[in-house]
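Reader: I am new to this one. Please take me through a single part of it closely, and show me how that part sits in the whole.

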Amino acid sequence: MRFSRLRLNGFKSFVDPTDMVIHEGLTGVVGPNGCGKSNLLEALRWVMGENRPSAMRGGGMEDVIFNGAATRGARHFAEVALHLDNADRLAPSGFNDADTIEIIRRITRDAGSAYKLNGKELRARDVQMLFADASTGAHSPALVRQGQISELINAKPKARRKVLEDAAGIGGLYQRRHEAELK
Ligand code: ATP
Ligand code: MG
């Protein structure tokens, strides 16, 4: 399973629809300060179910919606679509019957977020579960935020242990146990 395409519409500085094909191998994003490199990574984390506004450098989740510029008005919604190439059929069971998995997250002002997987509505929890075992999810150590390395160095042992557990791929187990206890 790998990321194969990312589309943004109204997300942060990406006010116009933007469509990026992600090829196999290493992808580099380069550009001057403030051009939107970190926003791009945040879009990736957001579509995978990130729910902490602080991880999006915002005060509230609606801060991800384009909030206007000198020459353009604010937008009413933001949408990010992520394609996963699942030709290797390595997606977890329940998600594993298609060559391409398309996840769309859309947030509308005053109406919150909605998710779709291959056209079907689903819950944030289901999207988070899809990524929980793949070590790529919104909270996974595979995504390293700007400034996160120095935070890690200064972290308390318990916070560091969480990072190691996630890196070892057992974060999904904890999540499933929690779900089972709720049922
Ligand atoms: P650096 O090289 O300094 O790390 P960067 O390429 O990572 O820069 P970002 O931090 O991704 O840049 O982009 C910052 C820009 O995004 C700022 O110009 C900011 O105004 C803009 N931005 C953030 N949120 C929104 C929003 N909701 N609406 C419009 N623009 C936004
Ligand atoms: Mg940046």
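Does C35 count as buried or exposed, and why?

Author: Keep in mind that this is a predicted model. C35 counts as exposed, because it has 12 C-beta neighbours inside 10 Å and a residue with 12 or fewer is classed that way. C35 sits in the loop between strand 2 and helix 1. G34 is found in that loop too. G34 is exposed, with 9 other C-beta atoms within 10 Å.

Now the record. UniProt, in an unreviewed entry, gives the feature "binding site" at P32, N33, G34, C35, G36, K37, S38 and N39. Turn to ligand 1 in the model. It is surrounded by 15 residues. The closest are S13, N33, K37, S38 and N39. By type, the shell holds three nonpolar, nine polar and three charged residues.

Next, the elements on either side of the loop. Strand 2 belongs to an open sheet of six strands, paired antiparallel in the order 2-1-3-4-5-6. Strand 2 (18-21) and strand 6 (120-122) are the edges; each has a single partner strand, so one side of each has no neighbour in the sheet. On average, neighbouring strands are turned by 20° against each other, direction ignored.

Helix 1 covers residues 37-47. It lies across strand 1 (2-9), strand 3 (77-85) and strand 4. Its angle to strand 3 is about 80°.

Further along the sheet, strand 4 (residues 100-108) pairs with strand 5 (residues 112-117) over six bridges, in the antiparallel sense. There, I103 stands opposite L117 in strand 5. Helix 2 (residues 124-132) lies across strand 4, strand 5 and strand 6, at about 55° to strand 5.

Definitions and conventions
Residues are numbered from 1 along each chain as its sequence is written. Chains are lettered from A and ligands numbered from 1 in the order in which they are written. This is a predicted model: local features need pLDDT of at least 70, side-chain atom pairs count only at pLDDT 80 or more; totals for chains, interfaces and linings use all residues. Two strands pair if DSSP finds at least two bridges between them. Helices (H or I, at least four residues) and strands (E, at least two) are DSSP runs, numbered from the N terminus. Axes are lines fitted to C-alpha atoms, for helices over the stretch in contact, and angles run from 0 to 180 degrees between N-to-C directions. Two residues are in contact if their C-beta atoms, placed from the backbone, lie within 7 Å. A residue is near a molecule or strand if its C-beta atom, placed from the backbone, lies within 6 Å of it. Ala, Val, Leu, Ile, Met, Phe, Trp, Tyr, Cys and Pro count as nonpolar, Asp, Glu, Lys and Arg as charged, and the others, Gly among them, as polar. UniProt positions are given in the numbering used here, feature names are shortened, and annotations may be inferred rather than shown by experiment. A residue is buried if 20 or more other C-beta atoms lie within 10 Å of its own, exposed if 12 or fewer, and partly exposed in between; C-beta atoms are placed from the backbone.
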